[in-house]
Every structure is written in structure tokens, then in C-alpha cells.
Amino acid sequence: MDKTKRTTLKVMLFIVSIIFCLLPTNLLASTPYTASPLVKIGKNPNYNNSAGLFIGIQGIKNQLGEPVQGINLGAYQIEIDYNPAIVTILDVRDEAEMDNFTKSIVDVESKAYIAGATDSEPVNYDSLVFVPLVVNGSVKDLTDLTIRFIGVVDTDLNEVSIPEYHLNLQRGKVVNQATSGDPSISDALAGLQYLGNNRAPGVDEGQVNLINMGSINPLENQVGIVEPNVKDIISLMQYLVHTRNDYFEQVTPQANDLAITSVSALTNDGRVLSIEFNKAISSVNKSEVKIVNSTTLARIGVESVELSHDGKTLEVNLYDNPTAGNFVIEYLTDYTVTVKNLSFTFLRPAFNYGRIRDIDVNNRTISMNGLTFTIPTSTTFDFQASLGAKVRVWYNRNYEARNILFENETTVTGKLDVIKTHNPYENGKVTVDGVEYDLSNNLVFYNNDYSNPIGSEGTEYDYAKVFLDTSGKIEFILSYNFDDLFIVKSTEGNVAISYDNGELDLEDFIIVKDGKTISVSDLNQDDIVFFETSSNDGDGIAEVYNNSVTGVIETVYSDRIKIGGINYNWDGRFGSARYLDGNEFDCFDTDKAEAFQSGGPVTAYLNRYGEIVYLIGTGPTLNLNTLSAYNVENITAYIESGIPDGGTLDIELLNEDGINVTKSLRVNTLDKVTVTTPAGNSMVYEANDYYPGSTIEIAEFALADTGSSTFEIVALDRNHLQIGEGIKGLTPDNTADTVIRYTFDDSGTIIGLEFLTSHPLMAPLELDDDYVTAGNKYRLQPNTVVYDASNENISISTWSELASNDYNILEADIYTDEDYYVEYLVIKQTGIRQPASQITDYNAVLTSVLRNPDDEVVEIKALVNGTENTYLVNNIWRSICKGQSVVLSINNASGLVEDIITPTPEELFTGVVVGIDVADRTIIVNGLQFKLISSGYVYNAMDISAITVEPFRTIDLGDTVEILLDEEGTFYAEVITIIDSF
């Protein structure tokens, strides 16, 4: 852009220049501190609710990459490079209330210099510089801002290096990091929701970006920052429907010509038609009206016409059809209707009446009376609410619903109990959530999508939707019995995630809450989802049912507890109630009930039978803090002479939060001691619980002197006698450089120790590996905790944070769980990182294979990571075919397939599915259990001409599948392909 057309805001901060001049040469040449820019977009309530940018600095680290706490920065400059033709920067607001803060305008370059900015580790909007913005011009004008930080030093004269931050602004749209897009209806709706107080200002999901809304007024009315209002939102909507131009100026629509807008039949035989016009017509006589069958060209005689008073509706009476029983205007037949010089093609929709017996949400279809109708995408339709409803449907020849009229019926949802058997002689009775109803003698009953006689007296159904006739009797029932339940922590796309990282893919499920259909995004934390996978044509159905009671546990019984004077069973249809212990679910029992009882009030979530399925509360050993820690030194164990304290442990730990923990604790104050094997199996010893494998209760723990400065932690009974073997031996040199887990209460007192046992690393580990070899292969996770003890300064990170380092791991201790995941990694020695390979292997399923005249493969199509892609092949001969599972070796630079590898029997398993766990994404084949990784895919290749991507729950018992492992030697699947069905 011509620099003469741009303006600049610039002020030079002299103190920064002076500081740099005074810096010694060796300091200037040293490695600088590093930090990240902190830039947020939003509305500033402290500055007249203006929209703009909050700018600051975050994550300051020293030359070793370690976080620097409490740093004080000297004055520095913020430089903003922008296009003033589109962006106007108003008076900058000093949210940090800095003493030396200036901004001036210099007409040379298009840069804003904000001088005097200084702050220390800002953590929220209130401690940042605020720069109000106005975005002008057309919605098509895209402008980018570059934000730089100049002269950043701390008070000790350490330079801080900060990368540039790029932000793209577009009128009606604000997007980060060089992406773009036009405004959409979502922007307009978000603005309306903001005005209705249903959205808060901000840029996060669920908020509304006020820069979008604050810049949509017509250009001639733009004055400063515009607070969004209804006029602004309507302007954006009008732009979306092309009645405003790119500057939001009103476009005057051209006057519409006279036209026929609709034709409809007013009588069952079609003898009377109604013709609608877009504007008034002065007069019409019957000779000016012609009705012709578009196919046979047969003309229908017009007997008379009558024009409405407003001239917009013409009623046409046709001559009767002399053939008895025939329609004058046939259904699903095209007719050309002509009035004067106006023509219109009219198709009379067909009609059907009955109950909707089946729905398909994905394909947007409903089925009734053996016919299936498609619901247009332009129509808002609640499919679950319509299931079972009695409706009238008008449809065209393609069976697309043109109009649907629901009959006014009373429906009830809830748990259904049969209290009197229904048979040909008696209609029977049921209750729905305790309310009694008679059954109609015309009862139709469905359970899990199958039509069957309703059960006899005493039969119960988890959830039912019932329809009442005009006399109040039930004539139609849709019921379901659920297989399992799922406790929601969060959602990611169509997947619900629980506290133990379990996943439930709900992509095609019908999800019901309070009798209405909801989506996965509507799920909230701690929602209880009851589900079964066979209904809805195998896509599954789920109900969200949240009913809870809160109070103290008054009495504990063998299988129930009393809260608020009412007994609740905790061992019901879905097994024992669950509670969260750390990040794992455990089963409720009487001991746990007593623990919860002593811990204060609890909240018990119930199913529709009034049984407890999930319980939240506090007990002596529940909801405590548990952290992993690296044993910096060996644990010192000793028994003080003459003090009957059971012995003492001196420990020095570095926990996963980077905090040094030094404690001296008496062994008899521990509530729990756990010893975990390398395979992740744990032996748990807990006070006031039975010693494992016996009926003797542990009273407390103590130290036993075994000689030669060695001790054992042992369990004692009520008579202070040792029970069984020693629990954990402690020598002067057997605990350093290991990982333990310790549990502590709110006062910081350690009340539990878990001694973990490691595997040695058996093959060098690269930082982009997904698995580690330590005897078996174990899967690394992005959040695997890593203790780097390869030098004196032990550092703590996660596996994903190591990826940018430039070394390989040569020696390490590996700590795993029973599901073959790596929980902790202790690095002992590193080496030089080898250059990355230019070839990457991808697990794939072939969907097309093309060969040249020499029978060499030259091109393929394959499903990789759930997407079908086309690949050029480096002219290789392979005996491969469509539907086959293979490994593609792809050149990262050229994208060319260099090799197509047929998996070995150790990489590809084939067999019949004999067990499935949908929530855990596991199947059992050939006696082995395989788990589909979170980034894995299921393909259906039973028809190799149309291989499809399917949700995990598509897999059924009896299916024959191919399992392509994520890595040989593991039981983690990346691809499961269904090749046959039972």
C-alpha cells in the first residue's frame, strides 16, 4: 500500500535507548530470556465497554528454559503495524496504571508505538494494556496487524526475546493467525443472543466477539466504537440475504413482476383450486385460466372463477370428472396452471396418516405405514419428539415431506412398570413414574425398537414414551431398557469423556433429556447418561437423567444407605454405585459408605428406579490430593528408642508440580500403603480394612527392624501383632531415583504412600515415538509426566512438551498402569538426536488400486485417518486389492507412496468379535482384548465398492474384523475394519 496514504502513531522511549547503550557487550551477546505475547480480543468494561485488544506478556523463562517467577520488567515499547485505511486505533488505555505511558501520532509509517508499558506476568485482562479499535470499510477488506515487543528487559538487565504476534481483522469477522472468512448467520445470531443476555462478551466458544458486532453499521453512520444494537444485527442479516452491499448500505430491491406464487387444492377430489399471486390482479375471467396435465397434455375444464377482494387470490372451480371415483386433480401429478400470461407448475402432494414408527436423524427421514419420508434440511424438526406421534404428512413424488401436521395428543415419559397383565381379556395397567394408567385394547408396544407384547405384571422398563388416546388410556408405547451408564466430565466433538478418560462416541445416538432431543454439545459436567446401542438401527439411544439427593448418611445397611429418612439401594440394576477416587471410579460398599458417612454431606445421583448410581462426597480417604513425586534421596527409616510410635520415615521428594516436599512422618499415621508391580497391578493395604487375602483387620502400620539398617513397613492387628508378610522393605539405597505417589489431606499431612515399580528402557526412545519398549510395548500419552534426572537439575514436564528438544533418550525408568499406558518416565541418560526420516508410515485401507500395463501400481485411493485420499505410487508391483489393510510409506516431501507394505500376522489380526465394551472402545477377538486408540477409526468394508467410516458402536457381536495395530507388539488398534457380519 502507498505509504503516503498511511498514518503512524509513534513515540520513542528514551530510557529504553539509554538502557541499551549502557548494557555491557557480553550481556548483549548472551542468550536472552524468552516469553510469549499475550493478546486477547474483547470488550473492556473499564473503558466504556469499548471493543479492542488487550496486550501483554506471559510465560517468561530464563536461558535454561525454566519459568521465572516474580520478574520485574523495565519499560518497553509495543509496536503495532496496521493499515489505517481499515483500522482506527483510539486512545490507548493503561489497564496496569503505569506511571510513564505515552502514545503519539507521527505521519510517516503505519505503526502505533506504545511506550512505557511495563508489567509482571499478567494473568487477566485487568493487568494488560488495552488498545481500542474501530474496523472500517467493506466486509471484504481483510487487514492484518503485527504486534511486536521492543526493548524488553528486566531490572537485572536481562533481555527478553518475544516473537511477533499476527492478528487478522475483517469487518463482521475477527480471526486469528492468518485465517479468513465471511460473516455468517452464526455471527448475526450471536449478536442477537448477546442483546438478549444469553451470551457474554469475549472470543471464547459460547461468547460473542464484540468487534464483529461493533463494526457493522453503514460506513456513513460510523462514529467511534459502536455498541451493538438490534439495528446492527439486522444490518448484518440483510447483508447475508443480499439486501445490503459490502459497506452495509441498503440495496433497494427491484419491483417484483406479477407472478403466481402458489396453487393448492381445496377439496379432496381436487375440483376446487386456490391460486395465489404476489400482488393484486385487477380482473380474471374463466377463459383466461387454463389447467393442463403436464404429461398427457389433457386439459381440465374450468367451470367458474372468483377473485378475492384484495385481488391476490383466485378460486377456480373445475368440471367434475364423469368417471366415478376418479380425482379431477390427481395426486403426485404435474399440472401447468396458466392465468392470462402467467404460468405455474403445480404438483398436488400425496397424503398419509398414521404413527411415526421409525426415524433416522442422520438421513432426516421418518417412516410410517411402510413408507419413508425425507424432511427437508430447511425445516427445523425434532425427530425424537416425533417418534411415535400420530401425524398427517403431505409429500411429493420423491417422498419429500411438504407439510406435516401433528395430531394433538397427550404424551408422558418416564420409567414404566406393568402392575396388571395385559391380555385379550383384560387391558391391563401400568405406571409411568408412579402415575397409574389403563392400557387401551388397541395397545401397540415397542421395546428397543422391536414390536412385542408388553410384559406381564411386575415387568419394568427403564424409560418409556407413551401416547394417550382421547379417553386417557395408553394406546402406543415406545420403551427402552438400557445397557449401561456414563458419567460425563466433558465433551469433545461427538464424544463424551468421563473422569477416568473413558470415552462414549455419541455421534449417531438419539439423546433424550426431559423428553426432548438434545445434541452432544448440550451435555454438561456430571450429567448421567443411560444408554444402549442396539436401538435406532444400531446407532444407539441415550437418556440424560439427573435426579439427586443431598444430605448426610444417617444409617449404613448391607446394601443401602439412609439419607433424609429415606433408604436408597446402592447395589442395583447397573451394579454397585460408583464414586470417584482420584481419577478412577471405584465401587461402593459398606466400608466406603461408612467413610462417606463420617465425611459429611453427600450427593447421591439416582436412576429412575431410585437406586444410587453415582455418589459425590468426602470421607477419610476420599477426595484427597494425590501427586506423583521423584525420590530425590533414599527414604530414611528408623525407630526411636523408647518411643512407641511405630517408627519414622524421613522423605525428600520433588513432586510433579515442581515443589520440594521434605517430611518426617510416623508410620502409624498412614491410612494406606500400596505396592504396585511393573505391570501396574496394585496390592493395597488400608487401615480399618482386611489384610489382603485374610479376614484380619489392619489396625495400623509400623516399622519392623530387619537388621543391617534395613526396615520393613508392616501391618498390625488390634493386638499390635504383625499380620502376614512385610509390605515394603526399605534399605539405605533402594528408594532414591524412583517415583512414588503420596496422598495428603488439606493440612498437608501425608496419609498414604504408594511405592511404584519401574521397567527399564530396552531400546532408545525418540521424542516423536508413541510407544516405549520396556519388555512389552507401552503407549506414551501427551500428559505422561516426565522427570528428567539426566543432570543435577531435575526438570519436570509432560511427554508432549519434550517434542521440541534435540536429543534421544538412551536410559530411563518406565512406570506403567495395567492398561499398558505410561504414567511416568524418569530420564537417566540422553544422546544426540538422529535426523528425522523423510518417510512416514500410515495405516490404511485401500479403496481403489490402479495399475499400468506392466501391472505396477501407479495410483491408489485409501482411507487414512478417516479420510479417503488419492496417492501417486512410485511404480511398484504389489499383490494388493480394494478393501485390504496395508501400511503406506509416504515421502514427506513429494507425497509419493514409496512402498505399500502388507502387515505381518503380528501387526494384523483377523477374527470374530466375541466381546464389546463401547464406553472403553475395546473388543475381544481370538481371546485377546484390543483397544481402539482415541485417534483410531472403524471402517465398514463388507461392500468393497463403498467402504465407509463408521462409529465404534457399529461393530457387533459376530462381526469378522481385521485389526491393524497402532504398533506391533501392543494391543492398541489404529484401524478396525469390518469385513463380514454374522
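A residue counts as buried when its relative accessible area is under 20%. The model is predicted, and that cut-off applies to its strands below.

Start with strand 71, residues 885-891. Seven of its seven residues are buried, so the strand is mostly covered by the under 20% rule. The cover reaches both faces. On one side sit S885, V887, S889 and N891. On the other sit V886, L888 and I890. Each of these residues is buried.

Strand 71 has paired neighbours. Strand 68, residues 839-851, runs antiparallel to strand 71, and seven bridges join the two. One contact to look for is I839, whose bridge partner in strand 71 is N891. Strand 72, residues 897-901, also pairs with strand 71 in the antiparallel sense, over four bridges. Here L888 stands opposite I900 of strand 72. Strand 71 and strand 72 form a hairpin with five residues between the strands. Within that hairpin, G895 takes a positive phi near 75 degrees.

Now go to strand 7, residues 129-135. Strand 7 is mostly covered too, with seven of its seven residues buried. One side carries V129, V131, L133 and V135. The other carries F130, P132 and V134. Both faces are covered.

Strand 7 pairs with strand 2, residues 50-61, through four bridges. The two strands run antiparallel. Within this pairing, L53 has V131 as its bridge partner in strand 7. Strand 4, residues 87-89, is joined to strand 7 by three bridges, again antiparallel. T88 is partnered with V134 of strand 7. V131 and V134 lie on opposite sides of strand 7, and both are buried.

Next comes an open sheet of five strands. Their order is 61-66-67-64-65, and the pairing is mixed. Strand 61 (759-760) and strand 65 (795-798) are the edges, and each pairs on one side only. Inside the sheet, strand 64, residues 785-788, pairs with strand 67, residues 822-832. That pairing is parallel and spans four bridges. In it, Y787 has V826 of strand 67 as its bridge partner.

The surface offers another kind of feature. I185, L189, L192, L195, V230 and I234 form a nonpolar patch there. Together they have about 460 Å² of accessible area. Two elements give two or more residues to this patch: helix 3 (185-195) and helix 5 (230-240). Helix 3 gives the most, with four residues. L189 is found in helix 3. L189 has a relative accessible area of 41% and is therefore partly exposed. That value is over the 30% cut-off for patch residues, so L189 can belong to the patch.

Finally, consider charge. Side chains of opposite charge can pair when their charged atoms come close. The count comes to 30 salt bridges in this model. One of them joins D81 and R148, with the closest N and O atoms 4.0 Å apart. The pair links distant parts of the chain, 67 residues apart. D81 lies in strand 3 (residues 76-81), and R148 lies in strand 8 (residues 142-150). D81 is partly exposed because its relative accessibility is 21%. R148 is partly exposed as well, with a relative accessible area of 22%.

E407 and R392 form another salt bridge, and their closest N and O atoms are 3.8 Å apart. E407 sits in the loop between strand 25 (401-406) and strand 26 (410-420). R392 belongs to strand 24 (residues 390-395), and the pair is 15 residues apart in the chain. E407 has a relative accessible area of 28%, so it counts as partly exposed. R392 is also partly exposed, at 30% relative accessibility.

R578 and D484 form a salt bridge too, with 3.1 Å between the closest N and O atoms. R578 is in strand 46 (residues 578-581), and D484 is in strand 32 (residues 484-487). The two are 94 residues apart. D484 is partly exposed, at 26% relative accessibility.

Charged residues also join in a network. K415, D417, E460, R573 and E611 are linked by salt bridges.

Key:
Residues are numbered from 1 along each chain as its sequence is written. This is a predicted model: local features need pLDDT of at least 70, side-chain atom pairs count only at pLDDT 80 or more; totals for chains, interfaces and linings use all residues. Side-chain values use heavy atoms; hydrogens and water are left out. Two strands pair if DSSP finds at least two bridges between them. Patches are made of residues with over 30% relative accessible area and no salt bridge: like charges are joined within 9 Å, nonpolar side chains (Val, Leu, Ile, Met, Phe, Trp, Tyr) within 5 Å. Accessible areas come from the Shrake-Rupley method with a 1.4 Å probe; for residues, only the protein chains shown count as cover. A salt bridge is a side-chain nitrogen of Lys or Arg within 4 Å of a carboxyl oxygen of Asp or Glu. Buried means under 20% relative accessible area, exposed over 50%, partly exposed in between (1.4 Å probe, protein chains only).
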